[in-house]
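The exercises below are to be worked with the sequence and the coordinates side by side. Each opens with a task and is followed by a solution that proceeds step by step.

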Amino acid sequence: MDMLKLTRELCGAMGVSGSEEEASKAALEHLRGLTEQAYLDDFHNVIGIVRRPREGEKTVLLDAHIDQIGMIVTYIDDEGFLRVANCGGVDRHLVLAQQVTVFGVKPVTGIVATKPPHLTTAEEVGKAPEIDGILIDVGMTKEEAQKLILLGSRVVIDSQFHGLMGQKIASRALDDRIGVAAILRALELVRGK
């Protein structure tokens, strides 16, 4: 199992909290070859059974999260800007002026809007807006946006998978997806035992 390739694939799958379908399906494909039974439940949990336990036998559970932090669209204003809420612990300081993908009817690219310096008050300098003050510009009118973006659509910051010095990596969703990759690797190591 190529752990780097697996981790890249898992991190690249969309899976904001409450909308983990794509990430779950990616993990399920790898799990199928490592377990007696593998399936998704109604909540998109990925479940694999290596071997059914015998009466009185102890069982072992390997568990990891597969979701990622993001935002959720709560409102489209009259100018077509999207208002959002947290879906996980998004650091508001990091989202300003970032490119994002909104997963509506189809993926839509947007930019987190920021107040220009000449309109920023002295009190606002260096402070991140509250999450309900963040606007995403998708370059559409309200009517155009409403056709492609539903309230409840998930939003992720467009961050790519990067190799750093040596064997280090950086990616969105890495904290949860690396746990999934570790479980898949552990199952590969004990396969047939």
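**Exercise 1. Strand β8 and its partners**

Which residue in β8 is the bridge partner of T101? Use the answer to work out how β8 is paired in this predicted model.

Solution. Begin with the residue asked for: the bridge partner of T101 in β8 is V156. Next, look for a second pair between these two strands, and V100 is found opposite I157 in β8. Both pairs belong to the pairing of β5 with strand β8 (residues 154–157), which is antiparallel and extends over four bridges. Then turn to strand β3 (residues 70–76), which also pairs with β8 in the antiparallel sense, here over two bridges. In that pairing M71 stands opposite V155, while the bridge partner of I72 is R154.

**Exercise 2. From a hairpin to a barrel**

Determine how β5 is joined to β6, and then place both strands in the order of the barrel.

Solution. Start with the connection, which is a hairpin that leads from β5 to β6 through three residues. Strand β5 (residues 99–103) and strand β6 (residues 107–113) run antiparallel and are joined by five bridges; on this side V100 stands opposite G110 in β6. V100 also stands opposite I157 in β8, and this residue can therefore be used to step across from one neighbouring pairing to the other in the order β6-β5-β8. Following the pairing all the way round, one obtains six strands that close into a barrel in the order β3-β4-β7-β6-β5-β8, with antiparallel pairing. As a last step, note the twist, which averages 45° from one strand to the next.

**Exercise 3. The surroundings of L135**

Find the strand in which L135 lies, and list the residues that L135 touches when those up to four places away in sequence are not counted.

Solution. The first step places L135 in strand β7 (residues 135–137). The second step gives the contacts, which are D77, F81, L82, R83, I111, V112 and A113. For a separation in space, take G89, which is 46 residues from L135 in sequence and 17 Å away from C-alpha to C-alpha.

**Exercise 4. Two helices**

Are α1 and α2 roughly parallel or roughly antiparallel to each other?

Solution. Helix α1 (residues 3–12) and helix α2 (residues 21–31) pack at an angle of about 155°, and their axes are 8 Å apart. Angles over 145 degrees count as roughly antiparallel, and α1 and α2 are therefore roughly antiparallel to each other. To describe the contact itself, collect L6, E9, L10 and G12 from α1, which meet E22, A26, A27 and H30 from α2. The residues of this contact divide into four nonpolar, two polar and two charged.

**Exercise 5. The largest pocket**

State the volume of the largest pocket, and then characterise its lining.

Solution. The volume of the largest pocket is about 1,200 Å³. Among the 37 residues that line this pocket, G48, V60, L61, L62 and I183 are the closest to its centre. By element, α2, β2 (46–49) and α5 (174–190) each supply at least two residues of the lining, and the largest share, six residues, comes from α5. By residue class, the lining divides into 20 nonpolar, eight polar and nine charged residues.

Technical notes. Residues numbered from 1 in each chain as written. Predicted model: local features only at pLDDT ≥ 70, side-chain atom pairs only at ≥ 80, totals over all residues. Heavy atoms only, no water. Axes fitted to C-alpha atoms, helices over the stretch in contact; angles between N-to-C directions. Parallel < 35°, antiparallel > 145°, perpendicular 65-115°, else oblique. Contact = heavy atoms within 4.5 Å. Nonpolar A, V, L, I, M, F, W, Y, C, P; charged D, E, K, R; others polar. 1 Å grid on protein atoms, 1.4 Å probe; cavity = no way out; pocket = protein on both sides within 12 Å on 5 of 7 lines; lining within 4 Å. Points joined across faces, edges and corners; volume = space filled by probe spheres on them. Pairing = 2+ DSSP bridges.
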